[in-house]
Amino acid sequence: MNSTMTSPALTRRLRHHMHEVNFVYRQLPGALERAGASTRRERWSSFFREQAAALRTHHTDLRAAATYWGLRLGPCMSIEASELLNELRYALAARKGETTLERTVHDLLGQLRALVLKRLTEAQNLAVR
């Protein structure tokens, strides 16, 4: 990252990261619940529902933190997050079989988690600066 970044530029990047995480947190729980309803295997169904509930809790925490900082979370255009969420929607609509669906949703959930963790870490580093 450019160490000569100005304070307004840092603030814009921090906001963008927060908006991007908000975007994932708004979209992903519903998709996970649909995945849980699409599988008959209780283990996977429970896992997807639990993940959706945890993400809703994280989203609430994110909104509370943003409010505390005086940030209003808004829409965000995130190509990476949009592509992953679209793959997830496609997997849910394609109905290629439970095993494929479960594996695909689990893989995409991992990728989205990694993206969120990366953005939150970057946001934390920006906030420290």
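This short talk walks through the helices of one protein and some of the residues within them.

Good morning. Please keep in mind from the start that the structure shown is a predicted model.

I begin with the overall picture. The protein contains four helices and zero strands. Followed along the sequence, the pattern reads α-α-α-α. Along the principal axes, the C-alpha atoms fill a box of roughly 50 × 25 × 20 Å. There are 129 residues in the protein, and 40% of them are buried. As for the surface, about 7900 Å² is exposed, with carbon and sulfur atoms supplying 54% of that area. The protein carries 20 positive and 12 negative charges, and the mean positions of these two groups are 5 Å apart.

How are the contacts distributed along the sequence? Among contacts with a separation of 6 or more, 80% come from residues 24 or more positions apart.

Let us now turn to helix H2, which covers residues 42-68. How far apart should the two ends of this helix be? At 1.5 Å a residue, its 27 residues should span 39 Å, and the end C-alpha atoms are indeed 39 Å apart, so the expected and computed spans agree. Several residues of H2 are buried, among them Phe 48, Leu 55, His 59 and Leu 62. Which elements cover them? The cover for the buried residues of H2 includes helix H1, residues 7-38, and helix H4, residues 98-128. Not every residue of H2 is hidden in this way: Asp 61, which has its place in this helix, counts as partly exposed because its relative accessibility is 48%. The C-alpha atoms of Asp 61 and Gly 36 are separated by 24 Å, with their positions 25 residues apart along the chain. Just after H2 comes Gly 70, with a positive phi of about 80 degrees.

H2 also offers an example of aromatic rings coming together. A search of the whole structure finds three aromatic pairs. One of these pairs is formed by Trp 44 and Phe 47, in an edge-to-face arrangement with 5.8 Å from centre to centre and 90 degrees between the planes. Both residues lie in H2, three residues apart, which is about one turn of the helix. Here a general point is useful: an α-helix has 3.6 residues a turn, so residues three or four places apart point the same way. Are these two residues buried or exposed, or do they fall between? Trp 44 has a relative accessible area of 17% and is therefore buried, since buried means under 20%. Phe 47, at 22%, is partly exposed. Together with Phe 48, Trp 44 and Phe 47 form one aromatic cluster.

Next comes helix H3, residues 79-94. The same reasoning about length applies here: the 16 residues, at 1.5 Å each, should span 22 Å, and the end C-alpha atoms are 22 Å apart, which agrees. The buried residues of H3 include Ala 81, Leu 84, Leu 85 and Leu 88. Their cover includes H1 and H4. Just after H3, Arg 95 takes a positive phi of about 50 degrees.

I would like to look at one residue of H3 in detail, namely Leu 92. Leu 92 is buried because its relative accessible area is 8%. Which residues touch Leu 92, leaving aside neighbours within four places in sequence? The contacts are Ala 31, Arg 34, Ala 35, Ser 38, Leu 101 and Val 105. Met 18, by comparison, is 74 residues from Leu 92 in sequence and 27 Å from it in space, C-alpha to C-alpha.

Two further residues complete the tour. The first is His 17, found in helix H1. Its relative accessibility is 5%, and so His 17 counts as buried. Apart from neighbours within four places in sequence, His 17 is in contact with Arg 119, Glu 122, Ala 123 and Leu 126. The other is Thr 99, in helix H4. Thr 99 counts as partly exposed because its relative accessibility is 39%. Between the C-alpha atoms of Thr 99 and Gln 111, twelve residues apart along the chain, the separation is 18 Å.

To close, I return to the beginning: this predicted model has four helices and zero strands, and the cover over the buried residues of H3 includes H1 and H4. Thank you for your attention.

How values were computed
Residues are numbered from 1 along each chain as its sequence is written. This is a predicted model: local features need pLDDT of at least 70, side-chain atom pairs count only at pLDDT 80 or more; totals for chains, interfaces and linings use all residues. Side-chain values use heavy atoms; hydrogens and water are left out. Helices (H or I, at least four residues) and strands (E, at least two) are DSSP runs, numbered from the N terminus. Buried means under 20% relative accessible area, exposed over 50%, partly exposed in between (1.4 Å probe, protein chains only). Contact means heavy atoms within 4.5 Å. Accessible areas come from the Shrake-Rupley method with a 1.4 Å probe; for residues, only the protein chains shown count as cover. Lys and Arg count as positive and Asp and Glu as negative; His and the chain ends are not counted. The place of a charge is taken as NZ of Lys, CZ of Arg, CG of Asp or CD of Glu. The expected span of a helix is 1.5 Å times one less than its number of residues. Rings of Phe, Tyr and Trp (its six-membered ring) pair if their centres lie within 6.5 Å; planes under 30 degrees apart count as stacked, over 60 as edge-to-face and the rest as tilted.
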